[in-house]
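Work through the exercises below with the sequence and the three-dimensional structure open beside you. Try each task on your own before you read its solution.

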Amino acid sequence: MDRVPIVKIGRTLFVSIQIDLEDESVVRLQEDLADELAATGATGVIIDITAVEIVDSFIGRMLTMIGSISRLFDAETVIVGMRPAVAITLTELGLSLHGVRTALNAEKGLALLNGTD
Amino acid sequence: MDSYGGQGRMAAYLRDHHDKVVGRWAELVAAGVRSRISSDEVRHELEDFYALLLRVMAQEDEHAMGELRAALDELSRSRARNGFTPRETALGVFSVKEAVYELVADAVELAPEYLTFAQMIDDLGLRTIETYSAAREQIIADQSVAMLELSTPVVRLWEGVIAVPLVGTLDSARTQLVMEKLLEALVSTGAEQAVLDITGVPTVDTEVAQHLLKTVNAARLLGAHCTISGIRPQVAQTIVALGIEFGDIATKATLADALALALRNAGLKVVPA
């Protein structure tokens, strides 16, 4: 099973999803992220989904759940780099990712977390 | 349309009176189209048809019918494109009966063959109408595609601010196109502020509102802030009467207000020069 690496930059955890997400790797990511948040006390999570071309309701729910988990650790989640087709699919599925912030790219996401935007 | 053989004598007769028939035919057609095409042009077209008709009647070769139909289809299509009515188009074919009848009225021995001839012309005339309407439908289909393309421009109002002025009725197909164009523009320009201007949308019902909400939500997922502008008084009344909730989506009366809001959101300030 592929694992999604979690990189800590300053007080932000950076997660770049580069693989086709399977249910197992998604669950693993949630666990890893929770562990990492607890261990580092990070205040922000950036999830880069530039490479994600196909989403379903499960992945949509996963993103919302990651947002909820992060909030329990007092960290804010920003999803960056969503493709237009993915956004349309999520909207058509009726998922608007409440409680999760979004940004056009990683740079803007970081600026959003640091409050400089 | 099957074979129209057994018109050997008729064919020979018409061949002998070529100039007279074509002349009269051209006269009738030219009167019908009210000089929108020159009589020389009409005559030239009819000469070709006449030659093909005679070949079909005389059953000289089996390709004649195919050629005649192809030529007829081509003519009908060009008539449709040039804005002639179906009546004018079909008249071009039907009037040959009149031209021929005037000639053969006295020749009793040609009467049975004239019946076959008339049937053939009727069939050909109906075919022109069929081709004509098919061509018109094609034109309409092409136009609606062109309109769809034309009606959804994405304009850049400011650095990081884009707008989509919507004009005309919003249906699912158009919303899809608007959404795709807006999202692509957000990604390619890196804009974080978008304005959907609905000044040109005649009516806003629950379906249209649903489409707008979807577009705004999709833009949000990309990290952009989307404002809806151009809500006219009667549209506002309809929205409230229908109980449509725009939730926390910002709405403004005019595009100018929306631009001001977008600039403020982008951290910009307009000051007098």
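**Exercise 1: Two helices within chain B**

Helix 4 of chain B passes helix 6 of chain B in a right-handed crossing. The model used here and in the later exercises is a predicted one.

Task: Find at what angle the axes of helix 4 and helix 6 of chain B cross, and which residues of the two helices meet.

Solution. Begin by locating the two elements, since helix 4 of chain B covers residues 63-81 and helix 6 of chain B covers residues 111-150. Their axes come within 8 Å and cross at roughly 45 degrees. An angle between 35 and 65 degrees counts as oblique, and helix 4 of chain B is therefore oblique to helix 6 of chain B.

Next, look at the residues that meet. On the side of helix 4 these are B:Arg69, B:Leu72, B:Asp73, B:Ser76, B:Arg77, B:Arg79, B:Ala80 and B:Arg81, and on the side of helix 6 they are B:Leu124, B:Arg127, B:Thr128, B:Thr131, B:Tyr132, B:Ala135, B:Arg136 and B:Ile139. Sorted by class, the residues of this contact comprise six nonpolar, three polar and seven charged.

**Exercise 2: Two helices from two chains**

Task: Describe how helix 3 of chain A crosses helix 7 of chain B, and say which classes of residue form their contact.

Solution. Find residues 84-92 of chain A, which form helix 3, and residues 172-189 of chain B, which form helix 7; the axes of these helices come within 9 Å and cross at roughly 135 degrees. Because an angle counts as roughly antiparallel when it is over 145 degrees, this pair does not reach that class, and the two helices are oblique to each other. The crossing of helix 3 of chain A with helix 7 of chain B is right-handed.

From chain A, the residues that take part are A:Pro84, A:Ala87 and A:Ile88, and they meet B:Met179, B:Glu180, B:Leu183, B:Glu184 and B:Val187 of chain B. Six of the residues in this contact are nonpolar, none is polar and two are charged.

**Exercise 3: The side of chain A that touches chain B**

Task: State how many residues of each chain are in contact with the other chain, and which element of chain A gives the most.

Solution. Count across the two chains, and you find 13 residues of chain A in contact with 16 residues of chain B. On the side of chain A, helix 3 and strand 5 (101-103) are the elements that give two or more residues, and helix 3 gives the most, with five residues. By class, that side has nine nonpolar, three polar and one charged residues.

**Exercise 4: The nonpolar cores**

Task: Identify the residues with the most contacts inside the largest nonpolar core, and then follow the contacts of B:Ala194.

Solution. The largest nonpolar core has 63 residues, and those with the most contacts inside it are A:Ile47, A:Ile79, B:Leu182, B:Leu186, B:Ala194, B:Leu196 and B:Ala219. Once its neighbours within four places in sequence are left aside, B:Ala194 is in contact with B:Ile162, B:Leu182, B:Leu186, B:Ala219, B:Ala224 and B:Cys226. There is also a second, separate core of 25 residues, which includes B:Ala11, B:Leu28, B:Tyr50 and B:Val56.

**Exercise 5: Each chain as a whole**

Task: Give the number of helices and strands in each chain, and the share of residues that is buried.

Solution. Chain A has four helices and five strands, and along its sequence they follow the pattern β-β-α-β-α-β-α-β-α. Of the 117 residues in chain A, 37% are buried. Chain B has 10 helices and five strands, and 30% of its 273 residues are buried.

Definitions and conventions:
Residues numbered from 1 in each chain as written. Chains lettered and ligands numbered in written order. Predicted model: local features only at pLDDT ≥ 70, side-chain atom pairs only at ≥ 80, totals over all residues. Core = buried A, V, L, I, M, F, W, Y, C linked by C-beta atoms within 7 Å. Buried ≥ 20, exposed ≤ 12 C-beta atoms within 10 Å, placed from the backbone. Contact = placed C-beta atoms within 7 Å. Parallel < 35°, antiparallel > 145°, perpendicular 65-115°, else oblique. Left-handed = near helix turned anticlockwise from the far one by under 90°. Nonpolar A, V, L, I, M, F, W, Y, C, P; charged D, E, K, R; others polar. Axes fitted to C-alpha atoms, helices over the stretch in contact; angles between N-to-C directions.
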